[in-house]
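Let's take a walk through the pockets and a few backbone oddities of this protein. Have the model open and follow along.

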Amino acid sequence: MKLIGKLAAIGLMTALPLAAAQAETRVTYKSASSSSSYYQMAVQIAEAMKAGTDGGVIVTVEESQGSVQNVMETAARTGNYVFTTPPALVGLAQGGKAMFEGKSNPRFDEIRALFPIPSLTMHFVMSSDSGVSDLAGLEGKTILLGKGSFGANEGEKYLKMFGLEGKVNLADVELSNAVPALKNGQIDGFVTAGSYPAPNVIEAAASTGVSVLSLSDEQIAETKRLRIVIPAGTYAGQEADIVTTGLPVVAYTTTDMDEETAYLLTKTYWDQKTKMGSDAAWWNGVSQDMLANITGKIHPGALKFYKEQGFPLQDSHM
């Protein structure tokens, strides 16, 4: 009997870790290139989810070429796939418009929002040696836009909008190589979209010396984007505010995710946001009012949390 009791106890002890492992929720979080602020945010969210659930949620962060790729991958991804993108791109995907023309997929209609994250902020970064002080000065310069990301598409659109199409030399270099390319004189500048302070801009400003261009109020109005001010002193050598454009960004999943998981992720995110803000200032700008930037449906599990907390919601979120 004693032997049987010991064997039963051993069996119970070995079963406990197995049960714990089975209870663990695994999530894939696809963000942006590893040099971007959004990749750092993804790592912070992964750490916050693990800490806030005592290891119950394990997030694996994946690098990507940007928001467009993240949306496109919903066509093939299943399970707990979380990705970040501006709400406008989700609308374009669901409507089969712009970069999604001819690429429609029923899966796009299954995309659901979870929570807002810091907004995309456009940075036109020029080496100090280039002497460029405004967008018009880009003419004849060699600029890196990157490929496939929102920042690359937005940068290309601005060149066309402000009469610079065909007048700027576009470097065939990945955005992840922007800082080395700037250092060795391969490019005069690069365009990146990430919440400030953006890691690649910090590195460029500290090691090479750069200026980040401001847009005029007229130019900002023409872009139809948010007006964002990057305060003086954000980057090394930045003595004045930078006025630029921005776009809301949201963490999304699909209807594959069950309500319990969506609720847990959303609750943990908001519970951990203050702690994340003490580690990185960009989280402090996120508020419940930013739910208004979500133009499509919110996942039912996240909706449950928002209703419990009295967060402001719209009919389109339901």
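A quick word on classes before we start: Ala, Val, Leu, Ile, Met, Phe, Trp, Tyr, Cys and Pro count as nonpolar, Asp, Glu, Lys and Arg as charged, and the others, Gly among them, as polar. Keep in mind, too, that this is a predicted model.

## The largest pocket

The largest pocket holds about 300 Å³ of space. Its lining is made up of 24 residues, and the ones closest to the centre are Ala32, Ser33, Gln65, Gly66 and Ser149.

How does the lining of the largest pocket split by class? Polar residues take 14 places, nonpolar residues seven and charged residues three. As for secondary structure, two strands and a helix each chip in at least two lining residues: β3 (81–85), β7 (189–193) and α5 (150–161).

## The second largest pocket

Next up is the second largest pocket, with a volume of about 230 Å³. Here's who lines it: Pro118, Ser119, Thr121, Ser195, Tyr196, Pro197, Ile228, Ala281, Trp282, Gly285, Val286 and Met290. Strand β4 (residues 111–127) gives the largest share of that lining, with three residues.

Sort the lining of the second largest pocket by class and you get eight nonpolar residues, four polar ones and no charged ones.

## A cis bond in the lining

Two names from the second pocket's lining, Tyr196 and Pro197, deserve another look. The peptide bond joining Tyr196 and Pro197 is cis, with omega at about -5 degrees. On the chain, Pro197 sits in the loop between β7 and α7 (199–207). Strand β7 has already come up, as a supplier of at least two residues to the lining of the largest pocket.

## Two positive phi values

Now for the backbone angles. Asp54 isn't a glycine, yet its phi is positive, near 55 degrees. You'll find Asp54 in the loop between α2 (37–52) and β2 (57–62). Is Asp54 buried or exposed? With a relative accessible area of 76%, Asp54 is exposed, since the cut-off for that label is over 50%.

Lys224 is another non-glycine residue with a positive phi, in this case near 60 degrees. Lys224 belongs to the loop between α8 (217–223) and β9 (226–230). Its relative accessibility is 72%, so Lys224 counts as exposed.

Notes: Residues numbered from 1 in each chain as written. Predicted model: local features only at pLDDT ≥ 70, side-chain atom pairs only at ≥ 80, totals over all residues. Heavy atoms only, no water. 1 Å grid on protein atoms, 1.4 Å probe; cavity = no way out; pocket = protein on both sides within 12 Å on 5 of 7 lines; lining within 4 Å. Points joined across faces, edges and corners; volume = space filled by probe spheres on them. Helix = DSSP H or I, 4+ residues; strand = E, 2+ residues; numbered from the N terminus. Buried < 20%, exposed > 50% of the residue type's maximum accessible area, 1.4 Å probe, protein only.
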